[in-house]
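Trainee: I'd like to learn how to read a helix and a pocket in a model. Can you walk me through it?

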Amino acid sequence: MSQLVFDPSKVMDIDYTKRTEYLDGLEAIKAAHKVLKEITYTPSLPDKGYTNRTLYVNVDTLEVTEKPVTQQMKDVFIGGRGFGLYHLWNAVKPTTRWNDPENEIIICPGPVAGMTQYAGTGKSLVVSLSPQTEIPIDSNVGGYFGPLLKFSGFDALELQGKSDKDIILFIDGVKGIIRIEEAPTDPVDSHVLAEILTHMYAENEADLPNVSVVSSGAAAEHSLIGMLNFSFYDRRRGCVRFKQAGRGGIGTVFRNKRIRALVIRGPRVTGDLNHPADPETIAKTGIKYHKEIRENDGSQCMMRRNGTAHIVEIMDAYDLLPVHNFQFGSHPDVHKIDSAYWQQRLTQATSDGCWYGCSMACAKGADGVVLKTGPYAGHMVTVDGPEYENAAGLGSNCGIFDPDYLLELNFYCDTYGICTITYGTLTAFVMECYQRGILTKERTGGLDMTWGNAEADLEMMHQMARGEGFGKIAGMGVKKMKEYFIRNGYGDPQLINDIGMENKGLEYSQYMSKESLAQQGGYALTNKGPQHDEAWLIFMDMVNKQLPTFEDKAEALYYFPLFRTWFGLNGFCKLPWNDVVPANNSEQPEAHKVPEHVQNYVDLFTATTGLQITKEDLITQSAKVYNFQRVFNIRMGKGLRLHDAAPYRSLGPVTKEEYESRAERYDQQIVTEMGLEAAGKTTEEKMALHREWRTGRFSKLMDSVYTRRGWTLDGVPTLERLKELGLDAFPEVVEVVKQHL
Ligand code: SF4
């Protein structure tokens with residue numbers, strides 16, 4: 001053990017001068033690995049986007065098996081999230097819990113994934129039973145692992161079982177070797193572990209970009225909010241960077257299975273590895289799109305300079321930025337963490353794509369960050385991001401406007417393996433509970449969780465990583481904290497439930513939805529819980545007033561979740577769809593759908609698979625998987641109307657302070673929307689009127705959306721809808737629905 005001294009600062013140090021010393025440590029770690037199982041297989045490349053086989057690995061029994069991809073799987077589930085849900089359905093029973101051995105983690109890239117000619121085509125989907133929601137969670141993630149998995153011969157990787165020792169699964173897609181190794185001395189935290197493993201399994205310097213690592217971190221072992229880091233080797237920086245499969249606690253499942261890391265070594269990536277049916281159309285569509293990005297990004301979203309953090313000030317301007325646990329929508333200090341700041345702090349003049357060919361290149365990074373706290377204090381590191389969600393969640397929502405602390409919080413979330421969005425929302429909840437006396441210093445073990453106290457926030461995170469103190473309680477997530485606080489009599493149960501921003505057990509992502517009824521549905525009427533990747537309708541609804549009626553909102557909550565689901569079936573990133581649009585987009589019919597880009601996706605799918613589809617088929621493809629997932633939720637004991645309920649904070653003002661901060665707006669709504677008088681009423685009386693009006697219209701929205709989706713008013717897909725979609729071919733699916741009609 002004395003030889004295994006490893007200093008992470010030598011790894012992520014941007015001048016990278018101490019490589020030799022650190023490689024000495026690497027050799028010692030490698031020597032401690034013990035091969036538990038090794039098999040050989042025949043690597044293969046995809047044909048028209050599919051390799052037509054998947055890989056099953058049981059980390060307990062060490063079974064390693066290939067499974068065929070059937071035509072039915074392709075027809076109904078397409079790939080990506082669809083394949084993940086299909087495998088998970090077959091692996092679990094209604095009684096399976098997240099930490100049972102039969103729960104799986106499935107990683108699936110989708111047929112288009114791995115294309116290099118169009119932006120945002122390197123995504124894979126990760127699916128598992130979530131420790132937070134106890135239903136299937138899906139997370140769309142970049143990095144190289146998914147595409148390299150496919151180029152090593154597999155359309156999906158299924159991981160099942162629970163090991164009794166920490167293991168690494170290594171897939172060598174060049175030599176055709178699959179190996180399970182015991183990893184007794186490997187570090188846990190991602191920024192160290194992935195750097196070591198990339199160098200350990202690459203055959204030489206030129207091979208480094210062909211290796212990708214999936215890992216988590218210390219906090220994933222002691223919390224329910226663990227996340228997975230998917231690595232990609234950044235040649236320009238000469239270090240390993242990450243994209244995250246963040247939501248729902250999949251990192252927790254990963255560490256519960258005692259998987260320390262997955263490592264893949266694939267072939268060198270070239271433009272033709274996916275063997276598409278029509279490479280010319282793909283090339284032509286890609287060239288057109290890259291030109292558009294070059295011409296329009298600077299005047300539209302500045303993704304290539306600021307990443308997604310460019311919207312911080314836009315959200316603030318529209319009163320949509322979450323501040324102090326979603327109480328308010330703007331803050332005077334936001335200029336300290338807006339895009340003007342990030343533009344000079346994020347490293348520029350480098351192409352930051354998380355997969356080859358992504359000209360949107362939004363995976364920005366801050367280099368040379370010297371950490372102030374925790375086990376890596378004093379180390380100089382590269383921080384991936386911050387993205388908008390991190391700046392808003394870790395920042396404004398907790399009243400933290402010091403960008404150095406934001407970078408440090410972002411770094412530790414990543415390396416400890418916890419979801420930044422979840423951590424931001426749960427910390428904001430903790431801070432509001434502290435503000436309102438629900439939590440006290442005695443109850444937090446001495447942590448002073450006042451708004452803006454970044455040091456206390458970081459200490460809570462370090463506790464979470466050590467599995468100690470209040471950090472361990474916070475790591476249960478908002479839903480279980482609410483139950484714990486109520487059980488222990490810490491405060492008014494209604495207030496605790498109103499301000500705890502979770503639905504189905506998943507924390508809200510970082511947008512204020514109070515003034516957008518459609519977005520309230522976009523969050524709560526989701527399959528996996530309130531993540532904006534299903535539907536982000538705030539601007540259409542609240543700013544542009546394009547959804548005036550319940551039917552309009554229901555139509556949007558029918559179309560957009562299905563349209564966005566399609567990205568996850570195929571291996572696309574959502575961002576290139578509408579973060580930069582054609583210059584003449586606003587002149588097109590249905591401009592909000594970005595019709596030219598929709599046509600690009602239709603063309604890319606057809607050109608990859610050889611299957612002719614239309615834009616309507618694209619929605620039908622998604623509808624099959626979306627409805628299957630809804631039935632899956634019902635099978636696991638959730639997925640009904642009562643599980644779509646939203647916390648009142650997401651619908652309207654919970655507290656007097658909140659109401660009075662926007663009194664003019666709320667008073668006016670009493671007159672214009674409710675047809676009543678506001679004058680002469682106390683704030684409490686007006687808040688009561690708002691609660692009745694807002695909960696009533698949310699309930700009416702549920703009726704409209706369920707009807708449009710072909711569901712009963714209890715949220716169950718009807719037998720007719722199953723038949724329309726061909727899901728009646730699965731007797732178990734029909735049986736679940738019949739039990740709930
Ligand atoms: S747009 Fe950003 S997140 Fe999406 S693939 Fe490109 S670099 Fe990755």
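Trainee: Which exposed residues sit on the face of H28 turned away from its buried side?

Mentor: Keep in mind that this is a predicted model. To call a residue exposed, we want over 50% relative accessible area. On that face of H28 you'll find Glu664, Gln668 and Thr672.

Trainee: And which residues of H28 are buried?

Mentor: Buried means under 20% relative accessible area. In H28 that gives Tyr666, Gln669 and Ile670. Look down the axis of H28: these buried residues fall within an arc of 105°, so they line one face of the helix.

Trainee: What covers the buried residues of H28?

Mentor: The cover includes helix H27 (656-661) and H29.

Trainee: Now the second largest pocket. What is its volume?

Mentor: About 560 Å³. It has 19 lining residues, and the closest to its centre are Glu515, Lys545, Gln669, Glu673 and Arg697. You've met Gln669 already, as one of the buried residues of H28.

Trainee: Which helix gives the largest share of that lining?

Mentor: H28 does, with four residues. At least two residues each come from H21 (538-543), H22 (550-570), H28 (663-672) and H29 (683-709).

Trainee: How many residues of each class are in the lining of that pocket?

Mentor: Sort them by class and you get six nonpolar, five polar and eight charged residues. Try the same sorting on the shell around the ligand: there it's seven nonpolar, two polar and three charged. That shell includes Lys123, Asp352 and Cys573.

Definitions and conventions. Residues numbered from 1 in each chain as written. Predicted model: local features only at pLDDT ≥ 70, side-chain atom pairs only at ≥ 80, totals over all residues. Heavy atoms only, no water. 1 Å grid on protein atoms, 1.4 Å probe; cavity = no way out; pocket = protein on both sides within 12 Å on 5 of 7 lines; lining within 4 Å. Points joined across faces, edges and corners; volume = space filled by probe spheres on them. Nonpolar A, V, L, I, M, F, W, Y, C, P; charged D, E, K, R; others polar. Near = heavy atom within 4 Å. Buried < 20%, exposed > 50% of the residue type's maximum accessible area, 1.4 Å probe, protein only. Arc of directions from axis to C-beta. Contact = heavy atoms within 4.5 Å.
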